[in-house]
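Let's take a friendly walk through a protein structure, one part at a time. Keep the picture open as you read.

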Amino acid sequence: MSTSVLVFAVWPYIALTVFVVGHVWRWRRDQAGWTSRTSQLLEPRGLRLASPLFHFGALAVVGGHALGLVVPARVTAALGLTEHGYHVMALVFGLVAGVAMATGLVMLVIRRFRYSERLRLVTTRLDWAVYGLLVMTAGIGLWATFGENLVGGGYDYRETISVWFRSLFVLSPDVDLMAAAPFVFRLHVAVAFGFVALWPFTRLVHVWSVPLGYLVRPYVVYRQAGSGTRPAVTRTPWA
Amino acid sequence: MRIKAQVGMVMNLDKCIGCHTCSVTCKQTWTNRDGVEYVWFNNVETKPGIGYPLRWEDQARWKGGWELDRSGRLRLRSGRRAGRLTKIFANPDLPSLDDYYEPVTYDYDALLSAPLGRNGPSAQPVSVLTGQPTPITWGPNWEDDLSGSPVTAPQDPNLEAAQHQLRLELEHTFMFYLPRLCSHCLNPACVSSCPSGAMYKREQDGIVLVDQDRCRGWRMCVSGCPYKKVYVNHRTGKAEKCTFCFPRIEVGQPTVCSQTCVGRLRYLGIVLYDADRVDAACAVEDPQDLLAAQREVFLDPSDPAVAAEAEAQGVPRDWLDAARRSPIWSLAVKHQVALPLHPEYRTLPMVWYIPPLSPVLDATGSLGGDDADADDVFAAVHQLRIPLDYLAQLFTAGDRARVAGVLMKLTAVRSHMRGLTAGGKVDTDLLDRVGASGAELEELYRLLGIAKMADRYVVPKAHEEDAARLDSWASTWAGAEGCALDVPGGPGTGGATVVSGPSIPVRGAAGARRNGGE
Ligand code: SF4
Ligand code: SF4
């Protein structure tokens, strides 16, 4: 088995399996631990700007990735977006979002060091692992955007990486496409799947609990005796 | 009419001696754990003072509770729903730990391991959070008996509102204690702030709880509560609050704070209310009308129509009976001597207070009057801008007349009983002036003065047909503790591994729990 198969076929499936099984296991066994584990109480100053910057940036980055990886080029073309138009948009948007997220992230990491005394009880090894993988993934991602697409000639990942990515989900990974991509993209992808595999075991699970239901539910929630006090195993995470 | 039962509490502030027994027994029972070292579900503040957390009454800063928008509709003071969700990544209204206080323990080892010497060793305070020696510069009862108050009390938001220059010289000042806990409000801002829907009000008795399994740590409830009675457990990352000791209430026992209260000043009981009227009551325009509006929400259990409807809606007979004997109904509605704390927050709180007469009595004396003479006391009640204005800021949204009325009634109880027991005569003029009959004042006297346990706590048991369901609660709780990953070393909340800094040099609850968990 070549390294490419290992990294771009075996490794993604391992990571995705861990991601799915890990989440199911955690959701069923650990409702009590399913939280953002806020540390704002202990240290609000360093969070004030950094946290919104990181979170809004990350949301935009995720949206951008979804567009680039999931939506095929012919669909955007059919919608009237030219190839060049798409890339300019992706570059500008991607840079703004990526820089916002990375700046926020760096500020958050600095906060953990700067206020380490206050935060020592609530900073776990897993938190550091998350920070480490996030910094690497985001850093390499920015490098790819800056280096290859802005400074370099531009690399049309939608014809290679995106196709490979989608091929993963129809269970016939087109490894050759990925293997031909520039090194920084390959590195970005390989590290990102590490992040994916770690996800279910960290505080990142709070992402699935984004409380959009708040917008529509009545203000005051009533509950009958005994009802609903069981762990919410039957609810979907985003309900 | 949707009839619901609600457990409520009344505290007779004249009797509070500020001993903090309630706070300590509550802490021993509920918050003697990691992550909630700084949390007091029940705390006792000296008023005037800025309290715990700092200036919690300053809603311009903390944005707790409700307000009316320009079109007169009720909304959370911290903003509309969508806007609040955008602030979820950094809640601008959340008090920080420094607004509470830095919890400390002591280096007890230093006492045991000190070598023999001329001077006794002393135990240094050590921060529970950092593990470092920490000077203690603030605490939850720093202002006890006005002790820290020369510095802080002038910043009491109620004094600003009453436009009063506080005088702290011994002969001019006044003080009283204000025990505080969650009010289990009829219109709880905490529940309404919770993005996850993890907080709820129990149908059967109105107790407000946080579902630990559904809380996701968004900490909007903490800032939403105007009384600052929801707290973040910084180790689990989830919200916790006063439970009204529901496991005790369910078996007909008083809460721990009530049972252990040295002054025997707490009353517990249920009231029936019409849930359909709540929305209108908390949206009345003038904050000074909120008190009357809340009283309107309560239903008279002795009214045959109410009783019939309650039974039709499934309120058990013994609950109806308990509602008739409820000291809360007596003090808050029938005799109208109890008042809610800060009704202007519009949460319709269910812990009410009988305002203290003692500062007025002191002042009557210093004005040269006789504190047992109703006329002298009435005169003092009206002459004294303080503490009357101050009490009005706390209990009636600034309505002096209403507080004065309560104080005069309390004075009338004293005068009437003195007349009866010392001279055997009844002053009908006095009765007219406070608008109460002799029998009513005598009833009030028995409730306030004799206050037998059976009269103070009228708590009906939860129903046996519900027992299985309640029990299942208990077993899920135990089960969840047993198999959740919330243990040190797991990926859950307890997995907080110390990665930097020295560990706390003392073995407290933390050490014990860690050992037990492994
Ligand atoms: S006092 Fe209690 S019920 Fe009322 S808003 Fe605060 S936490 Fe909620
Ligand atoms: S135990 Fe009773 S008397 Fe003592 S502080 Fe608490 S409420 Fe006051």
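The report below moves from an overall view to sheets, cores and ligand surroundings.

## Chain B at a glance

What you see is a predicted model. Let's begin with chain B, which has 25 helices and 15 strands. Of its 518 residues, 60% are buried. Chain B exposes about 20,500 Å², and carbon and sulfur atoms supply 51% of that area.

How do contacts in chain B spread along the sequence? Taking those between residues at least 6 apart, 71% join residues that are at least 24 apart.

## A five-stranded sheet

Chain B contains an open sheet of five strands with mixed pairing, and their order is β13-β12-β1-β15-β14. The edge strands here are β13 (298–299) and β14 (339–340) of chain B, each pairing on one side only. If the word "pairing" is new to you, here is the general idea: strands of a sheet pair through backbone hydrogen bonds, either parallel or antiparallel.

Try tracing one pair. Strand β1 (residues 3–12) and strand β12 (residues 266–274) of chain B are antiparallel partners, joined over nine bridges. Within this pair, B:V7 has B:I270 in β12(B) as its bridge partner.

## A sheet with strands from both chains

Another open sheet has three strands in the order β1(A)-β8(B)-β9(B), again with mixed pairing. Its edge strands are β1 (222–223) of chain A and β9 (208–210) of chain B, and each of them pairs on one side only.

Strand β8 (residues 199–202) of chain B pairs with β9(B) in the antiparallel sense, over three bridges. Look for B:K201, which stands opposite B:V208 in β9(B).

## A hairpin in chain B

Which two strands form a hairpin with four residues between them? They are β10(B) and β11(B), and in the turn B:G237 has a positive phi of about 70°. Strand β10 (residues 230–233) of chain B runs antiparallel to β11(B), with four bridges joining the two. Across this pair, B:N233 stands opposite B:K238 in β11(B).

Strand β11 (residues 238–241) of chain B is covered on both faces. B:K238 and B:E240 are buried on one side, while B:A239 and B:K241 are buried on the other. This fits a general pattern: in a regular strand the side chains alternate between the two faces of the sheet.

## The nonpolar cores

In soluble globular proteins, nonpolar side chains tend to be buried together. In this model, the largest nonpolar core has 143 residues, and B:Y38 and B:L331 have the most contacts inside it. Helix α20 (residues 400–423) of chain B gives the most to this core, with nine residues.

What does B:L331 touch, leaving aside its neighbours within four places in sequence? Its contacts include B:V10, B:Y267, B:I354 and B:L444. Apart from the largest core lies another one of 45 residues, with A:A9, A:A50, A:L69 and A:L133 among them.

## Around the two ligands

The residues around ligand 1 include B:C182, B:C185, B:C190 and B:C225. You will also meet two names from earlier sections here: B:V208, which stands opposite B:K201, and B:K241, one of the buried residues of β11(B). By class, this shell has nine nonpolar, two polar and one charged residues.

Ligand 2 is surrounded by 14 residues, and the closest are B:C16, B:C19, B:H20, B:C22 and B:C261. Its shell divides into nine nonpolar, four polar and one charged.

Key. Residues are numbered from 1 along each chain as its sequence is written. Chains are lettered from A and ligands numbered from 1 in the order in which they are written. This is a predicted model: local features need pLDDT of at least 70, side-chain atom pairs count only at pLDDT 80 or more; totals for chains, interfaces and linings use all residues. Side-chain values use heavy atoms; hydrogens and water are left out. Two strands pair if DSSP finds at least two bridges between them. Buried means under 20% relative accessible area, exposed over 50%, partly exposed in between (1.4 Å probe, protein chains only). A residue is near a molecule or strand if one of its heavy atoms lies within 4 Å of it. Ala, Val, Leu, Ile, Met, Phe, Trp, Tyr, Cys and Pro count as nonpolar, Asp, Glu, Lys and Arg as charged, and the others, Gly among them, as polar. A nonpolar core is a set of buried Ala, Val, Leu, Ile, Met, Phe, Trp, Tyr and Cys residues joined through side-chain atoms within 4.5 Å. Contact means heavy atoms within 4.5 Å. Accessible areas come from the Shrake-Rupley method with a 1.4 Å probe; for residues, only the protein chains shown count as cover.
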